[in-house]
Amino acid sequence: MKQLVLLFSLCTVMAFQANAQRHGSASDYENAVGVRVNPWVIGATFQHFFTENHAFEALAFTNYNRRTNVNFTALYEYHFDLGDTPLRMYAGGGVHLGIYDRWDYDRDRYYKHGDGSYASPGIDGIIGLEYKFRKIPLVISGDLKPYVNFVGGTHHIGEEIGGASARFTF
């Protein structure tokens, strides 16, 4: 947890030090770095707009109860305006690689193979809303990110699909 706080603090300082010019798009920012949480997981998020409405988002997160699980996700997102407001909607998809503890995620194999971890690739979808504050370099968002693992258990899949993010923009 200390490493995550240190990483978030470093990214925040870098965001404020960056003097990136705003490119005047509907998103009003090019990059954003922050944190994504829900009641079961916490992680870091980085978002980059490569055109006005097309963005790449990278996520790295772990669960609260046992920090032996980690997930790395890469997403493509299409953003579109909801009228003349700073509220935008986005949707997209991507891939992930999760490294999970058998006890947490695949108890059937735990009893057969014992303690340990396994890697599981999978696909993700995402749909959500984001709000960009006009006076401060901050964007908040809430989304649903369902996913499917190709191997291993998916016992906690329903608990981890929602999330909220807060990102500093630059």
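**Why is it called that?**

Mentor: Let's start with a pair of side chains in this predicted model: Arg36 and Asp143 form a salt bridge, with N and O 2.4 Å apart.

Trainee: What makes the pair of Arg36 and Asp143 a salt bridge?

Mentor: A side-chain nitrogen of Lys or Arg has to lie within 4 Å of a carboxyl oxygen of Asp or Glu. Arg36 and Asp143 have N and O 2.4 Å apart, so the pair meets that rule.

Trainee: Where in the chain do Arg36 and Asp143 sit?

Mentor: In distant parts of it: Arg36 is in strand β1 (residues 31–37) and Asp143 in strand β7 (residues 138–144), with their positions 107 residues apart. Both Arg36 and Asp143 are buried.

Trainee: How many salt bridges are there by this rule?

Mentor: Four. One of them joins Arg167 to Glu57, with 2.9 Å between their closest N and O atoms.

Trainee: Why can we say that the pair of Arg167 and Glu57 ties together separate parts of the chain?

Mentor: Because Arg167 belongs to strand β9 (residues 162–169) while Glu57 belongs to strand β3, parts 110 residues apart in sequence. Arg167 and Glu57 are both buried too.

Mentor: Here is another salt bridge for you: Lys145 and Asp124, 2.9 Å from N to O. This pair also links distant parts of the chain, with Lys145 in the loop between β7 and β8 (147–149) and Asp124 in strand β6, 21 residues apart.

Trainee: Are Lys145 and Asp124 buried or exposed, and how do you know?

Mentor: The cut-off for buried is under 20% relative accessible area. Lys145 has 1%, so Lys145 counts as buried. Asp124 has 8%, so Asp124 is buried as well.

Trainee: What would you call Phe150, then, and why?

Mentor: Exposed, because its relative accessible area is 52% and the cut-off for exposed is over 50%. You will find Phe150 in the loop between β8 and β9.

Trainee: Which residues does Phe150 touch, beyond those up to four places away in sequence?

Mentor: Ser120, Pro121, Gly122 and Ile123. The C-alpha atoms of Phe150 and Ser120 are 6.4 Å apart, although 30 residues separate the two along the chain.

Trainee: And why is Phe56 called partly exposed?

Mentor: Phe56 has 35% relative accessibility, which is not under 20% and not over 50%, so Phe56 falls in between. Phe56 is in strand β3.

Trainee: What makes Phe56 eligible for a nonpolar surface patch?

Mentor: A patch residue needs over 30% relative accessible area, and Phe56 has 35%, so Phe56 passes that part of the test. The patch covers about 880 Å², and its members include Phe46, Phe50, Phe56, Tyr76, Tyr78, Phe80 and Ile140. Two elements, β4 and β6 (117–132), give two or more residues to it. Strand β4 makes the largest contribution, three residues.

Trainee: Which residues form the largest nonpolar core?

Mentor: Six residues: Val41, Leu59, Phe61, Leu75, Tyr90 and Ile126. Another core lies apart from it, with five residues, among them Tyr29, Phe49, Ala55 and Val139.

Trainee: How do you know that Val139 is buried enough for a core?

Mentor: Val139 has 0% relative accessibility, and buried means under 20%, so Val139 qualifies. Val139 is in strand β7. Leaving out residues up to four places away in sequence, Val139 touches several others, including Tyr29, Ala32, Tyr131 and Arg167. Val139 and Phe168 are 6.5 Å apart, C-alpha to C-alpha, and 29 residues apart in sequence.

Trainee: Why is Asn69 called buried, and where does Asn69 sit?

Mentor: Its relative accessible area is 3%, under the 20% cut-off, so Asn69 is buried. Asn69 sits in the loop between β3 (54–63) and β4 (70–81).

Trainee: What makes the meeting of Asn69 and Asn63 a polar contact?

Mentor: Their side chains are 3.5 Å apart, and the limit is within 3.5 Å for N or O atoms, so the pair counts.

Trainee: And what does the whole protein chain look like?

Mentor: There are three helices and nine strands. Of the 170 residues in the protein chain, 38% are buried.

Notes. Residues numbered from 1 in each chain as written. Predicted model: local features only at pLDDT ≥ 70, side-chain atom pairs only at ≥ 80, totals over all residues. Heavy atoms only, no water. Helix = DSSP H or I, 4+ residues; strand = E, 2+ residues; numbered from the N terminus. Buried < 20%, exposed > 50% of the residue type's maximum accessible area, 1.4 Å probe, protein only. Polar contact = N/O pair within 3.5 Å; in protein donor to acceptor, adjacent residues only side chain to side chain. Core = buried A, V, L, I, M, F, W, Y, C linked by side-chain atoms within 4.5 Å. Patch = residues over 30% accessible without salt bridge, like charges linked within 9 Å, V, L, I, M, F, W, Y side chains within 5 Å. Areas by Shrake-Rupley, 256 points an atom, 1.4 Å probe, with all protein chains shown as cover. Contact = heavy atoms within 4.5 Å.
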